[in-house]
Amino acid sequence: MTQDASLDAYWMPFTANRQFKKAPRLFTKASGMHYWTDDGRQVLDGVAGLWCVNAGHARPKIVQAIASQAAELDYAPPFQMGHPKAFELAARVAELAPAGMNKVFFTNSGSESVDTALKIALAYHRVRGEGQRTRLIGRERGYHGVNFGGISVGGMVANRKMFGAMLAGVDHIRHTHDPARNAFSVGQPQHGAELADDLERLVALHDASTIAAVIVEPVAGSTGVLVPPVGYLQRLREICDKHGILLIFDEVITGFGRTGSPFAAQTFGVTPDLITCAKGLTNGCVPAGAVIVKEAIHQTFMQGPEHLIEFFHGYTYSAHPLACAAGLASLDTYREEGLLTRAAQLQGYFAEALHSLKGLPNVIDIRNIGLVGGIELAPRTDAPGQRAFDVFLDCFQAGVLIRTTGDTIALSPPLIIERPQIDQIVGTLATAIKRVA
Ligand SMILES: Cc1ncc(COP(=O)(O)O)c(C=O)c1O
């Protein structure tokens with residue numbers, strides 16, 4: 001092995017460890033739209049770190065807020081105690097959320113937000129006397145993090161197949177990817193609203209009285225940027241309403257401005273019952289997540305003797321003071337710079353730039369909404385995923401960070417991006433796609 005012993009101990013997540021350690025890619029600094037590598041190269045960030053650094057890197061207000069908070073109140077227990085910034089951040093998040101979604105439960109990650117939302121859904125039905133509603137419905141190709149609840153309702157086979165039976169009583173509706181009808185759609189694809197009717201199939205199979213909740217990403221990110229067909233989310237909402245099933249939108253990627261509104265629920269005009277979020281909540285600077293809940297659901301829990309805990313769930317680091325300080329400063333930065341709606345202004349330019357890649361070798365689909373883009377390449381027959389990964393390496397060498405999932409290249413730049421930087425990302429990608437056979 002040629003690998004450096006100092007890299008040995010760290011078992012890296014979602015990484016080809018042996019390959020990485022033979023040719024490490026290390027970042028040592030970040031500012032605004034850029035990273036710098038350990039050998040001093042500047043790299044334009046085309047993916048907001050990992051879909052999270054929505055205001056760009058090392059923003060002074062956020063940096064200062066974290067530093068001051070660490071000196072002032074480093075930690076406060078979240079069970080039976082509080083600190084002012086937790087309440088302030090919850091109120092600020094509720095202000096941004098769709099009308100009526102005004103209660104906020106804090107977690108530390110997207111995965112924890114998902115498992116928390118599933119538990120709220122199950123407990124909600126039980127508290128209101130429908131404890132037989134235990135079934136959870138996800139969607140094929142969904143990504144809901146890596147905890148057992150999330151992989152159970154998730155639909156990405158590699159994330160599931162190693163881990164046994166997972167949660168019992170979970171089923172999945174069909175995914176919405178339909179390249180035969182929708183390839184190269186600009187924005188929402190026209191075809192596929194009827195795919196939501198697959199939920200009726202599961203209702204017919206299991207009976208609605210056994211189903212607690214359905215969870216979907218409004219825009220599926222990690223499976224390769226799948227934008228919901230026109231009318232699809234509306235139909236899902238109608239079917240859930242008809243059968244008393246809670247609808248959960250997993251907005252870990254789409255939350256905080258990615259699609260041109262604070263939440264994708266607002267972009268698509270569909271209000272779920274619960275929203276999970278993380279990432280952009282703190283601009284990726286301190287781990288944090290949240291579940292935003294409709295008033296009526298929260299109210300259901302607020303009964304019985306007042307001295308009793310209403311929901312037996314929480315984390316040592318729920319509403320961590322550093323996370324709350326980072327969250328408040330992030331929301332200030334978003335507001336001051338109009339970032340939560342900036343994707344709506346830039347999406348036309350971004351879409352045109354992305355779709356200019358149509359016709360390049362192996363490009364079989366391009367998908368976009370807001371400041372999210374997916375470019376799907378034809379897989380090599382002997383090595384699925386390799387072609388896109390080679391493009392990733394080529395772009396990295398050329399000074400642009402992109403992300404791949406399977407053979408789809410995903411773009412989600414910080415919302416502060418300027419037009420010339422969109423051109424740089426797409427130009428670098430075009431060169432790489434042509435170079436990689
Ligand atoms: C839709 C969705 N849900 C959940 C998660 C998991 O978040 P985390 O990695 O913070 O646990 C992600 C992460 O990308 C995500 O995209």
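The following paragraphs describe the ligand site, the cysteines, the aromatic pairs, the backbone and selected residues of a predicted model.

Local features were accepted only at a pLDDT of at least 70 and side-chain atom pairs only at pLDDT 80 or more, whereas totals for chains, interfaces and linings use all residues of this predicted model. Residues are numbered from 1 along each chain as its sequence is written, and side-chain values rest on heavy atoms, with hydrogens and water left out.

The ligand is surrounded by Ser 109, Gly 110, Ser 111, Tyr 143, His 144, Gly 145, Glu 217, Ser 222, Asp 250, Val 252, Ile 253 and Lys 279, a residue being counted as near a molecule or strand if one of its heavy atoms lies within 4 Å of it. This shell divides into 3 nonpolar, 6 polar and 3 charged residues, where Ala, Val, Leu, Ile, Met, Phe, Trp, Tyr, Cys and Pro count as nonpolar, Asp, Glu, Lys and Arg as charged, and the others, Gly among them, as polar. Polar contacts are pairs of N or O atoms within 3.5 Å; within protein, one atom must be able to donate a hydrogen and the other to accept it, and residues adjacent in sequence count only if both atoms are side-chain atoms. Among the contacts of the ligand, an oxygen atom lies 2.6 Å from a polar side-chain atom of Ser 111, an oxygen atom is 2.8 Å from a polar backbone atom of Gly 110, and an oxygen atom is 3.1 Å from an N or O atom in the side chain of Lys 279. Taken alone, the ligand exposes 390 Å², of which the protein buries 84%; these accessible areas come from the Shrake-Rupley method with a 1.4 Å probe, and for residues only the protein chains shown count as cover.

One member of the shell, His 144, lies in the loop between strand S5 (135-139) and helix H6 (148-153), the helices (H or I, at least four residues) and strands (E, at least two) being DSSP runs numbered from the N terminus. His 144 is buried, with a relative accessible area of 2%; buried denotes under 20% relative accessible area, exposed over 50%, and partly exposed the range in between (1.4 Å probe, protein chains only). The C-alpha atoms of His 144 and Leu 73 are 32 Å apart, with the two positions 71 residues apart in sequence numbering. Strand S5 itself contains Ile 137, which is buried at a relative accessible area of 0% and whose C-alpha atom is 28 Å from that of Ala 90, 47 residues away in sequence.

No disulfides (pairs of cysteine sulfur atoms within 2.5 Å) are present, the count being 0. Cys 52 is in no disulfide, and the nearest cysteine sulfur, that of Cys 285, is 8.4 Å away; Cys 52 is also buried, at 14% relative accessibility. For Cys 324, the closest cysteine sulfur belongs to Cys 277 and is 12 Å away, too far for a bond, and Cys 324 is buried as well, with a relative accessible area of 1%.

Aromatic pairs number 8 when rings of Phe, Tyr and Trp (its six-membered ring) are paired at centres within 6.5 Å, with planes under 30 degrees apart classed as stacked, over 60 as edge-to-face and the rest as tilted. The rings of Tyr 75 and Tyr 317 have centres 6.2 Å apart and planes at 85 degrees, so this pair is edge-to-face. The pair links distant parts of the chain, 242 residues apart, with Tyr 75 in the loop between helix H3 (60-72) and helix H4 (84-96) and Tyr 317 in the loop between H12 and H13. Both rings belong to partly exposed residues, Tyr 75 at 30% relative accessibility and Tyr 317 at 47%. Elsewhere, ring pairs join Phe 27, Tyr 35 and Phe 396 into a cluster.

Most residues other than glycine have a negative phi. Ala 319, which is not a glycine, nevertheless has a positive phi of about 55 degrees; Ala 319 is placed in the loop between helix H12 (295-301) and helix H13 (321-336) and is buried at 13% relative accessibility. Phe 184 likewise has a positive phi, near 60 degrees, and lies in the loop between helix H8 (179-182) and helix H9 (198-206).

Helix H9 also contains His 206, a buried residue with a relative accessible area of 17%.
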